[in-house]
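Work through the exercises below with the sequence and the structure open. Each task is followed by a solution in steps.

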Amino acid sequence: MASSLVRGKYVVCKVIDDGSSEIIHDGAVFQRDGEIIEVGRYRDLKARHEPDEEIGSADFVVIPGLVNAHHHMGLTPFQLGSPDMALEPGIFARWASRRVDPYLDTLYCALEMIESGITTVMHNQSMARLPSDAGIYESSARMIDAYEDAGMRVAFSLYARDQHLFTYEDDEGFLARLPAELRARVRAGVKTGAVSLDVLLSASAELVANRSSARTRILISPHNVHWCSDAMLLAIKEFAERHTIGIHIHLLETAYQKTFGDRLYGKTSLAHLEELGFLGPEVSCAHGVWLTESDFDILAGTGTMICHNPSSNLRLSSGIAPINRLLARGVTVALGIDEAGINDDNDILQEMRLAQKIHHEPGVGNTGPTSHQLLDMATRNGSKATLFEGETGTLEPGKRADMALVSLKRISEPYLHPDTNVVDALLYRGKGVDVDTVIVDGEVLLRGREFTKVNKAEVASALRDSMAVTDVSASEVHSALNKDLLPHVERWFAGQALPGGSPHYRYNAIG
Ligand SMILES: [Zn+2]
């Protein structure tokens with residue numbers, strides 16, 4: 001390793017409060033062996049240090065590396081043949097989609113993320129979607145290999161479920177009402193996502209023992225509250241405590257999950273998790289679209305985090321998470337892309353912008369989260385959710401040197417008012433294509449939009465080739481079964497009442 005002086009017209013060190021960030025004009029970051037030694041004025045640092053190289057110029061803004069705090073696989077569901085639909089039937093559609101090579105799919109996605117300034121990702125992996133011809137641990141290890149080869153940090157977790165696999169009723173009850181022929185085919189052939197708890201725990205233990213590293217954290221994950229028995233939730237919590245690791249879980253993503261949780265537990269799903277002793281500052285929950293007022297208090301009281309995924313929630317008809325209320329209560333909110341942003345890509349700057357605009361509630365003074373709050377969500381809060389807190393998320397001495405250099409050329413041309421705060425400029429006008437250089441642990445991964453460690457065109461070509469030769473016979477079986485089963489699943493959900501009551505946001509209520 002070596003030292004470098006990373007220069008920008010602005011260095012955004014960290015967010016100070018809701019309305020401001022610590023910004024150094026004509027600034028620089030001096031790092032040695034991946035550790036930030038000093039942050040300050042460029043000319044002062046240049047006089048004091050003798051770096052091995054200088055990176056950047058006065059054309060850039062230097063920001064802490066961005067964190068995608070909820071993500072799954074690489075090629076998007078749409079690319080794999082599943083257009084947007086409500087989550088619950090959508091899960092069936094995805095079972096029918098093509099399987100991918102774990103290494104190539106993850107590596108290509110990692111490169112796309114790096115290109116938009118992401119240095120850390122929360123990779124939450126369905127065990128049911130791993131290729132059945134390879135072991136769970138081996139496939140997971142290949143994914144972690146991909147992040148290592150790309151140079152990214154990853155918080156990797158496997159997830160599984162053990163109940164309510166078809167609808168939100170007892171599985172046998174649902175199966176009993178299917179036509180006999182279809183029921184027999186489902187029993188024989190459908191991939192339900194049911195994976196034994198033992199397999200989840202043993203594969204996760206192997207990952208903790210063998211694949212934890214400076215850039216890799218291993219977490220563990222129940223899929224969602226109602227999809228896991230209490231016994232499974234408690235075993236996962238006990239496992240996390242024993243190994244001192246984090247937990248990531250989907251929570252209250254859809255309206256159906258809210259009503260079902262309320263009915264199943266006699267309280268909200270989050271209140272049930274609290275009663276089990278499941279929550280805590282090492283737990284992050286993806287979505288939280290259907291949280292209640294009392295849930296906000298539980299999150300704030302236990303230090304449990306929310307990972308907000310606005311594109312995903314729009315695309316899967318889930319709704320809009322009450323982020324304004326969560327921020328007002330001091331809940332830690334991070335930001336995720338959840339497999340695919342609004343443009344079916346991995347541009348986190350765009351996701352930050354959507355997350356800012358979607359929370360502009362009607363009414364003068366309801367401005368929604370500030371650009372600084374959004375930056376905090378995508379940096380420091382993301383670091384917290386991925387268990388890299390204290391190491392990344394801000395540009396300060398002692399932290400690891402994870403940062404992105406974003407070109408100000410397109411953002412500020414032909415004119416941008418000189419009083420514009422650069423964090424606002426980034427949030428209002430920045431896109432992934434403006435990211436020029438990305439650094440993790442002091443190591444340059446992307447420079448001038450060229451990768452330094454891998455050849456993206458070669459990875460794309462290998463991924464394309466792998467999709468051409470993958471055996472599709474298994475997918476065809478699932479596809480036919482899916483086609484026949486889907487109407488029954490949709491009919492069940494269509495018959496369920498959606499929650500009543502008043503929404504958190506009053507977007508366009510009538511009457
Ligand atoms: Zn997800």
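**Exercise 1: Two aspartates with positive phi**

Task: Decide whether D441 is buried or exposed, then do the same for D344.

Solution. The model is predicted. Start with D441: 21 other C-beta atoms lie within 10 Å of its own. The cut-off for a buried residue is 20 or more, so D441 is buried. D441 sits in the loop between β15 and β16, and its phi is near 55 degrees, a positive value in a residue that is not glycine.

Next take D344, which has 15 C-beta neighbours inside 10 Å and therefore counts as partly exposed. D344 belongs to the loop between β13 (333-335) and α14 (348-357). Its phi is near 55 degrees, again positive without the residue being glycine. As background, most residues other than glycine have a negative phi, and most peptide bonds are trans.

**Exercise 2: A cis peptide bond**

Task: State where P414 lies and which peptide bond is cis.

Solution. The bond that runs from E413 to P414 is cis, and its omega is near 0 degrees. To place it, look in the loop between α17 (409-412) and α18, where P414 is located.

**Exercise 3: Overall form**

Task: Explain why the protein can be called as compact as a globular protein of its length.

Solution. First list the secondary structure: 20 helices and 17 strands. Then compare the radius of gyration, 23 Å, with the 24 Å given by the globule rule for 511 residues; the two are close, so the protein is as compact as a globular protein of that length. The C-alpha trace spans about 80 × 55 × 45 Å along its principal axes. Of the 511 residues, 50% count as buried. Lastly, consider contacts between residues at least 6 apart in sequence: 77% of them join residues at least 24 apart.

**Exercise 4: Domains and their contact**

Task: Describe how domain 1 meets domain 2.

Solution. The domain assignment gives domain 1 as 3-64 + 403-450 and domain 2 as 66-391 + 453-458. Their centres, taken over C-alpha atoms, are separated by 30 Å. The contact involves 23 residues from domain 1 and 27 residues from domain 2. On the domain 1 side, the elements giving two or more residues are β1 (3-17), β2 (20-32), β14 (403-407), α18 (422-429), β15 (435-440) and β16 (443-447). Sorted by class, that side has 11 nonpolar, five polar and seven charged residues.

**Exercise 5: The nonpolar core and its helix**

Task: Find which helix gives the most to the largest nonpolar core, and say why this helix is described as largely enclosed.

Solution. The largest nonpolar core has 125 residues, and V11, V29, V61, V62, A110 and I114 touch the most other members. Helix α3 (residues 102-115) gives the most to this core, nine residues. The core takes at least three residues from each of domain 1 and domain 2. Another core, of seven residues, lies apart from it and includes L87, I91, F92 and L481.

Now examine α3 itself. Of its 14 residues, 13 are buried, so the helix is largely enclosed by the rest of the structure. From first C-alpha to last, α3 reaches 20 Å, close to the 20 Å expected at 1.5 Å a residue. Beyond residues up to four places away in sequence, A110 touches A146, Y147, A150 and M152. Just after α3, G117 adopts a positive phi of about 95 degrees.

How values were computed
Residues numbered from 1 in each chain as written. Predicted model: local features only at pLDDT ≥ 70, side-chain atom pairs only at ≥ 80, totals over all residues. Core = buried A, V, L, I, M, F, W, Y, C linked by C-beta atoms within 7 Å. Buried ≥ 20, exposed ≤ 12 C-beta atoms within 10 Å, placed from the backbone. Helix = DSSP H or I, 4+ residues; strand = E, 2+ residues; numbered from the N terminus. Domains from an automatic or database assignment. Contact = placed C-beta atoms within 7 Å. Nonpolar A, V, L, I, M, F, W, Y, C, P; charged D, E, K, R; others polar. Rg over C-alpha atoms; globule rule 2.2 N^0.38 Å. Expected span 1.5 Å × (residues − 1).
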